[in-house]
Amino acid sequence: MSKDLTQSGTAGAGGSSLSSELFHAGVYKANQGRIVRQLTALAVWVIVTLGCWRLYSFLPAAMGDSSLAARAIPAVLLAAGLWFGFRVVNWPRFADFLIAVEAEMNKVTWPSKDELIRASVVVIFTIFFLAITLFLFDVLWQAIFNFIGVTS
């Protein structure tokens, strides 16, 4: 039955495909999950921008410095990528997921500064202790293997 609801479109806005959402300009549930959605869009935009910047620095050398296409291709891809970043965080399925992520993050009990410092010190000392222990085991086994003539 749920398959029929999804195919008929009565299952809600969450059943729409991303390709159909790319050509809408509306914002889905604008006041919910704003921080997570904005940070996700920003991350997508940074990745797209860095990719286009790298392409922009590579294409003129590959296609010839005076080629207009070498400069237009990264610009078109940048515009499309920025639009995609905006639309993907407003895709109902993904937006509902990000809204749920922000709701769960608001339920987290974050440690105080003193608890954070104490826990960090414990982790750092534990890592150093394990590193020294593994180093000593390595030295011990290397000495044993050298003594019995297994290694050169």
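Glu104 forms a salt bridge with Lys107, with 3.2 Å between the closest N and O atoms. The model is predicted. Both partners belong to helix α5. They sit 3 residues apart, which is about one turn of the helix. Glu104 counts as partly exposed because its relative accessibility is 46%. Lys107 has a relative accessibility of 60% and therefore counts as exposed. The total for the model is 1 salt bridge.

Helix α5 spans residues 92-107. Glu102 is also placed in this helix. Its setting can be compared with the pair above. Glu102 is buried, yet no salt bridge is formed by this residue. The nearest side chain of opposite charge belongs to Arg37, at 7.9 Å. A salt bridge requires a side-chain nitrogen of Lys or Arg within 4 Å of a carboxyl oxygen, so Arg37 does not qualify as a partner. A polar atom of the Glu102 side chain does lie 3.2 Å from the backbone nitrogen of Ile35. Beyond its neighbours within four places in sequence, Glu102 is in contact with Gly33, Arg34, Ile35 and Val36. Ile35 thus appears both in this contact list and as the residue whose backbone nitrogen faces the Glu102 side chain at 3.2 Å.

Arg34 and Arg37 recur in the description of the largest pocket, where both are lining residues. This pocket has a volume of about 180 Å³. Its lining consists of Val27, Lys29, Ala30, Arg34, Arg37, Gln38, Ala41, Trp45, Phe86, Val89 and Asn90. Helix α3, residues 34-63, makes the greatest contribution to the lining, with 5 residues. Arg34 therefore has two roles in this account: it lines the largest pocket, and it is in contact with Glu102 of helix α5. Arg37 lines the pocket and is the nearest oppositely charged side chain to Glu102, although 7.9 Å away.

At the level of the whole protein, the secondary structure comprises 6 helices and 0 strands. The order along the sequence is α-α-α-α-α-α. The protein has 152 residues, of which 16% are buried. Glu102 belongs to the buried group. Among contacts with a separation of 6 or more, 71% join residues 24 or more positions apart.

Note on methods: Residues numbered from 1 in each chain as written. Predicted model: local features only at pLDDT ≥ 70, side-chain atom pairs only at ≥ 80, totals over all residues. Heavy atoms only, no water. Helix = DSSP H or I, 4+ residues; strand = E, 2+ residues; numbered from the N terminus. Buried < 20%, exposed > 50% of the residue type's maximum accessible area, 1.4 Å probe, protein only. Lys, Arg positive; Asp, Glu negative; His and termini not counted. Polar contact = N/O pair within 3.5 Å; in protein donor to acceptor, adjacent residues only side chain to side chain. Contact = heavy atoms within 4.5 Å. 1 Å grid on protein atoms, 1.4 Å probe; cavity = no way out; pocket = protein on both sides within 12 Å on 5 of 7 lines; lining within 4 Å. Points joined across faces, edges and corners; volume = space filled by probe spheres on them.
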